[in-house]
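I opened this notebook page to record what I looked up, going from one helix to one of its residues and then out to the whole chain.

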Amino acid sequence: MPDLVTFEQDGSIGTITLNRPEKFNALDIPMLRALEAALDSAELAADVRVVLLRGEGKGFCAGGDIEAWAAMSAADFQHQWVRYGHRVFDRLARLRQPTIAVLSGHALGGGLELAAACDLRVAERQIKLGFPETSIGVVPGWSGTQRAVRRFGAQAVRRMALGGEMFAAPEALPLGIVDRVVETGAALTEAKAWGEKIAARGPLATEAAKLMIAVAEGEESASSAEALASGFIALTGDLKTGAEAFRTKTIPEFSRS
């Protein structure tokens, strides 16, 4: 049985692929677990500077698999489905590397929420994007009314979540829902080229810039200040001096270097 989600590295570019094409890469609990593991692999790959997220087959991601949650109790739906999905999507949003969603197929419901958790989105012109959840009596549950509003603006999300509008990629571009629109079949090539340009920039500066933008956007808060400060300290001599003094049981002699 093929892996539900894969992670591959090609130089400084890592690619995470949703691999459930027979279901248009709809997400269920095993898929979410596999995605979380792939994100961990990407985070730990020291020389990966940009991560692409794509879907195998004709769809990017059709959202949450209705068959996977329809029979859940209210408690299981809230805890096992909604909260766990939030955890995985937050993991994607907080990945240290810049991320690019490769939208070569439709991104609907949870699929659009997944794309919204990426930093950038490249879409082929034939795809559609939307939040159709209210048509089946549920609401966007994986940050469609939160992160998507911060990144796309409230009015665009209202039109999708309340009005049921689905936007073709060229319509989504001026609304900020996607960042680039390309011809059918060209999204992965465009995303790789864009990723290579990003990867050529200073990696630490790029990661820090991503984190600071997330703070301004409300995606991150106090933990980001600690991460930035700790990273700064780790680049100075203080960390090594203190650790060596602890190891040798001596008094550390710090300097501002």
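What should the 16 residues of helix α1 span at 1.5 Å a residue, and how far apart are its end C-alpha atoms? I kept in mind throughout that this is a predicted model. For α1, residues 29-44, I found an expected span of 22 Å and end C-alpha atoms that are 23 Å apart, which agrees.

I then looked at the start of α1, where a side-chain oxygen of D28 comes to within 2.9 Å of the backbone nitrogen of M31. M31 is also on the list of residues that I noted as buried in α1, together with I29, L32, A34, L35, E36, A38, L39 and A42.

From that list I picked out E36, a residue of helix α1, and checked its cover. Its relative accessible area is 16%, and because buried means under 20%, E36 counts as buried. I next asked which residues E36 is in contact with once its neighbours within four places in sequence are left aside. They are Y84, R87 and V88, and with R87 I also recorded a polar contact from side chain to side chain, at 3.1 Å.

Last, I turned to the protein chain as a whole, whose secondary structure I entered as 11 helices and nine strands. Of its 257 residues, 43% are buried, while the accessible surface comes to about 13100 Å², with 57% of that belonging to carbon and sulfur atoms. Taking the contacts between residues at least 6 apart in sequence, I noted that 69% join residues at least 24 apart.

Key. Residues numbered from 1 in each chain as written. Predicted model: local features only at pLDDT ≥ 70, side-chain atom pairs only at ≥ 80, totals over all residues. Heavy atoms only, no water. Helix = DSSP H or I, 4+ residues; strand = E, 2+ residues; numbered from the N terminus. Expected span 1.5 Å × (residues − 1). Buried < 20%, exposed > 50% of the residue type's maximum accessible area, 1.4 Å probe, protein only. Polar contact = N/O pair within 3.5 Å; in protein donor to acceptor, adjacent residues only side chain to side chain. Contact = heavy atoms within 4.5 Å. Areas by Shrake-Rupley, 256 points an atom, 1.4 Å probe, with all protein chains shown as cover.
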